[in-house]
Amino acid sequence: MQVQANWENQLLDLAGNVPHPHTRPFFSYWAGDASLRKAYKQAEKITSQHSKSFYFASGLLPEEKRSAVRALYAFCRTVDDIVDEATVDQDAQLDYWRGMVENASFADNDLVAAAWVDTLSRYHIPRHYALQLINGVARDLSQSRYQTFDELATYCYGVASTVGLMSMYIIGFKSNEAVPYAIKLGVALQMTNILRDVGEDYRNGRLYLPREELAFYGIQESDIAEGRNTENWRQFMSFQIERTRQLYEESWAGVKMLEPEGQLAIGAASVFYQGILEQIEKNDYDVFSHRASLSTMEKVSRIPSLWLRVKSL
């Protein structure tokens, strides 16, 4: 029996014991509602513009669920942009989205909110996951450093594991046994983002890497500020990548707990992001002057082996 780390227990407590949904979603959004169709099209546009990997992976879902997860992405992207790009009234804007989640109230011309409210209600997504996402993103307004991995894992839960938990309600899952795996996959995905974007995040005033672990490898903030790709840095990054890979591997068992039509899409998200870790290694761990990414063809080339792995579940 695998012993759970402290951070895993903490994140399970945050997720809560939500009863498994037995009510199937009522598919209705194409039923003659032109304004709602326009809202979902806007969510699709935002997804395609901001995340090629998410757009590609979600394209492997059936149409209804594909549109719903893109509404989820557009919601997450919009809230994230409030923190990263808005210069005034950030708290008020975040409160607007909290009110939208809690009361389904939003401005008449807000297409993203219209699509997201419809998705929230049709798929019976627990509202507290959406609120945790907003609060997780808002954490960037007050905290820019993390002392331990346990602290960082809590941040990853807020901004990424919550997305996985909400996605499960759209895709469909067999039992609550899937919850720990969704949480772990979310942490792995966010850690991949963090490792890829070290240089960019630091230039924006944020350092998500655990200070405790940086110190263990003899790395100071000045090394990151100056983009020093030293041997100590490469060893540190190698450790981070191996731990993140382990999280991906441990989360894979959760894929078979999803409805079959969604397994390939979630598997693709996992595989694509693991490919980013490979690119970081190929770049000799230089995340200061190179941004690791996969081309469309590199993603496509991973689908056949992924399909076989999913079919063997």
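## Helix 1: two sides

Let's start with helix 1, where Asn-6 and Asp-13 are exposed on the other side from the buried residues. Here, "exposed" means over 50% relative accessible area, "buried" means under 20%, and "partly exposed" is anything in between (1.4 Å probe, protein chains only). A helix is a DSSP run of H or I with at least four residues, and helices are numbered from the N terminus. Keep in mind that this is a predicted model: local features need pLDDT of at least 70, side-chain atom pairs count only at pLDDT 80 or more, and totals for chains, interfaces and linings use all residues. Residues are numbered from 1 along each chain as its sequence is written, and side-chain values use heavy atoms, with hydrogens and water left out.

Which residues of helix 1 are buried? In this helix, which runs over residues 6–15, they are Trp-7, Glu-8, Leu-11 and Ala-15. They cover an arc of only 100° around the axis (taken from the directions from the helix axis to the C-beta atoms), which is why they end up on the same side of helix 1. The general rule behind such patterns is that an α-helix has 3.6 residues a turn, so residues three or four places apart point the same way. The cover over the buried residues of helix 1 includes helix 7 (127–138), helix 8 (149–171), helix 9 (179–196) and helix 13 (231–251). Just after helix 1 comes Gly-16, which takes a positive phi of about 80°.

## The nonpolar cores

Now for the inside. A nonpolar core is a set of buried Ala, Val, Leu, Ile, Met, Phe, Trp, Tyr and Cys residues joined through side-chain atoms within 4.5 Å. The largest one here has 94 residues, and Phe-75, Trp-116, Leu-209, Trp-233 and Ile-280 have the most contacts inside it. Helix 8 is the top contributor to this core, giving 15 residues. Another core, of eleven residues, lies apart from it; among its members are Val-255, Leu-264, Ile-303 and Val-310. In soluble globular proteins, nonpolar side chains tend to be buried together.

Take a look at Trp-233. Contact means heavy atoms within 4.5 Å, and if you skip neighbours within four places in sequence, Trp-233 is in contact with residues including Val-198, Leu-209, Ile-219, Arg-228, Tyr-285 and Phe-288. One of those partners, Tyr-285, is found in the loop between helix 14 and helix 15. Tyr-285 is buried, with a relative accessible area of 15%, and its phi is near 65°, a positive value in a residue other than glycine.

## Salt bridges across the chain

How many salt bridges does a search of the whole structure find? There are 25, where a salt bridge is a side-chain nitrogen of Lys or Arg within 4 Å of a carboxyl oxygen of Asp or Glu. One joins the side chains of Lys-184 and Glu-250, at 2.8 Å from N to O. This pair links distant parts of the chain, with Lys-184 in helix 9 and Glu-250 in helix 13, 66 residues apart. Both Lys-184 and Glu-250 are buried.

Next come Arg-291 and Asp-197, whose side chains meet in a salt bridge of 3.6 Å, N to O. Arg-291 lies in the loop between helix 14 (260–282) and helix 15, and Asp-197 in the loop between helix 9 and helix 10 (198–203), so the pair ties together parts that are 94 residues apart in sequence. Glu-281 and Arg-245 form a salt bridge too, with their closest N and O atoms 2.7 Å apart. Here helix 14 holds Glu-281 and helix 13 holds Arg-245, 36 residues apart and in distant parts of the chain. Salt bridges that share partners also join Arg-196, Asp-197, Glu-200 and Arg-291 into one network.

## A buried lysine without a salt bridge

Lys-299 lies in helix 15, residues 296–311. What is the nearest side chain of opposite charge to Lys-299? That is Glu-298, 8.1 Å away; Lys-299 is buried yet has no salt bridge. For charges, Lys and Arg count as positive and Asp and Glu as negative, while His and the chain ends are not counted.

Lys-299 does have a polar contact of 3.3 Å, side chain to side chain, with Ser-53. A polar contact is a pair of N or O atoms within 3.5 Å; within protein, one must be able to donate a hydrogen and the other to accept it, and residues adjacent in sequence count only if both atoms are side-chain atoms. Leaving out residues up to four places away in sequence, Lys-299 touches Lys-52, Ser-53, Phe-56, Phe-272 and Leu-294.
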